[in-house]
Amino acid sequence: MALQLWETLKESITAYTGLSPATFFTILALMWAVYYVVSGFFESPGQHHQERSRNFEEQMEPLPPPVQLGEVTEEDLKQYDGSDPKKPLLMAIKGQIYDVSQSRVFYGPGGPYALFAGKDASRALAKMSFEDQDLTGDISGLGPFELEALQDWEYKFMSKYVKVGTIKKDDLVADGASSEEPAAPTEHDVAKPAEHDAAKPSENGPSEAATAGAEETASASDVKEE
């Protein structure tokens, strides 16, 4: 049955095209190849980019689960800025550290917000600033609109990313107390020890003034008795 169909097809190709079956299929293959090459020139860049993105996502390995760091210093946080692909990508807002590894395209090396990674960028996010002096967690002096913007960023991070730790803050009270200089003594403080020393008896016995006073009192008593 199949052989009869093939013979019928060959006769039809020869009858309608005047070509042999081998020539006909060769021309058909060449036409398909030309169509494939030419259509590639007219393909939109967006479709090509989306196709590459899908292939890239399929090749990417799944992210490891976030690792809880606990309390770390700002210096320790710098090693999670994305420079080491084996380490998670971390960022802090208002002292709270979040794992932003799933958004490496934004916060990783080469991303638009890469300079925020590995830091507490609260001030920069509140002001939408990319200046080095604003890459800090100090939010003192910010206006109400800037604080509101920072609050929106914090809500976004809390809902999207996993919190993995906090930034360790120094004990400012202890540092301030140790750095204070002793106050200069006042005239009252200077006079006070002098009075105290005058009233304090000498280690070798009563003071000369006290001895003289006692002798005068004894002489007056003798005169009175006579």
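Trainee: How many salt bridges does a search of the whole structure find?
Mentor: This is a predicted model, and the search covers the whole structure. Side chains of opposite charge can pair when their charged atoms come close. For the protein, the number of salt bridges found is four.

Trainee: Which residue forms a salt bridge with Lys94?
Mentor: Lys94 sits in the loop between S2 and S3. Its partner lies in helix H7, 60 residues apart from Lys94, so the pair links distant parts of the chain. The closest N and O atoms are 3.2 Å apart, and the partner is Glu154.

Trainee: Is Glu154 buried or exposed?
Mentor: Buried means under 20% relative accessible area. The relative accessible area of Glu154 is 10%, so Glu154 is buried.

Trainee: What is the relative accessibility class of Lys94?
Mentor: A residue is exposed over 50% and buried under 20%, with partly exposed in between. Lys94 has 34% relative accessibility, so the class of Lys94 is partly exposed.

Trainee: What is the phi of Lys94?
Mentor: Most residues other than glycine have a negative phi. Lys94 is not a glycine, yet its phi is positive, at about 55 degrees.

Trainee: Which residue in the loop between H6 and H7 has a positive phi?
Mentor: The phi in question is near 50 degrees, in a residue other than glycine. The residue is partly exposed, with a relative accessible area of 45%. Its place is the loop between H6 and H7, and its name is Met128.

Trainee: Which residue of that loop forms a salt bridge with Arg123?
Mentor: Arg123 lies in helix H6 and its partner in the loop between H6 and H7, so the pair ties together parts that are eleven residues apart in sequence. The closest N and O atoms are 3.8 Å apart, and the partner of Arg123 is Asp134.

Trainee: Are Arg123 and Asp134 buried or exposed?
Mentor: The cut-off for buried is under 20% relative accessible area. Arg123 is at 16% relative accessibility, so Arg123 counts as buried. Asp134 is at 6%, so Asp134 also counts as buried.

Trainee: Which residue is linked with Arg123 and Asp134 in a network of salt bridges?
Mentor: Arg123 and Asp134 form a salt bridge. The network of salt bridges holds one further name beside these two, Lys127.

Trainee: Which residue forms a salt bridge with Glu75?
Mentor: Glu75 has 56% relative accessibility, so Glu75 counts as exposed. Its partner is partly exposed, with a relative accessible area of 45%. The closest N and O atoms are 3.4 Å apart, and the partner is Lys78.

Trainee: What span does helix H7 reach from its first C-alpha to its last?
Mentor: Helix H7 covers residues 144-160, which is 17 residues. At 1.5 Å a residue, the expected span is 24 Å. The span in the model is close to that, at 24 Å.

Trainee: What arc do the buried residues of H7 cover around the axis?
Mentor: The buried residues in H7 are Leu150, Trp153, Glu154 and Phe157. Their arc puts them on the same side of H7, and it is only 100 degrees.

Trainee: Which residues are exposed on the other side of H7?
Mentor: What covers the buried residues of H7 includes strand S2, strand S3, H5 and helix H6. On the other side of H7, the exposed residues are Pro144, Phe145 and Ser159.

Trainee: Is Tyr107 buried or exposed?
Mentor: Tyr107 is found in helix H5. Among the residues Tyr107 touches are Trp153 and Phe157. Tyr107 has 3% relative accessibility, so Tyr107 counts as buried.

Trainee: How far are the C-alpha atoms of Tyr107 and Leu89 separated?
Mentor: Leu89 is one of the residues that Tyr107 touches. The two are 18 residues apart along the chain, and their C-alpha atoms are separated by 7.8 Å.

Trainee: What area does the nonpolar surface patch with Val37 have?
Mentor: Val37 lies in helix H2 and is partly exposed, with a relative accessible area of 49%. Trp32, Tyr36 and Phe41 make the patch together with Val37, and its area is about 560 Å².

Terms used: Residues numbered from 1 in each chain as written. Predicted model: local features only at pLDDT ≥ 70, side-chain atom pairs only at ≥ 80, totals over all residues. Heavy atoms only, no water. Helix = DSSP H or I, 4+ residues; strand = E, 2+ residues; numbered from the N terminus. Buried < 20%, exposed > 50% of the residue type's maximum accessible area, 1.4 Å probe, protein only. Contact = heavy atoms within 4.5 Å. Patch = residues over 30% accessible without salt bridge, like charges linked within 9 Å, V, L, I, M, F, W, Y side chains within 5 Å. Areas by Shrake-Rupley, 256 points an atom, 1.4 Å probe, with all protein chains shown as cover. Salt bridge = Lys/Arg side-chain N within 4 Å of Asp/Glu carboxyl O. Expected span 1.5 Å × (residues − 1). Arc of directions from axis to C-beta. Lists of a residue's contacts leave out its neighbours within four places in sequence.
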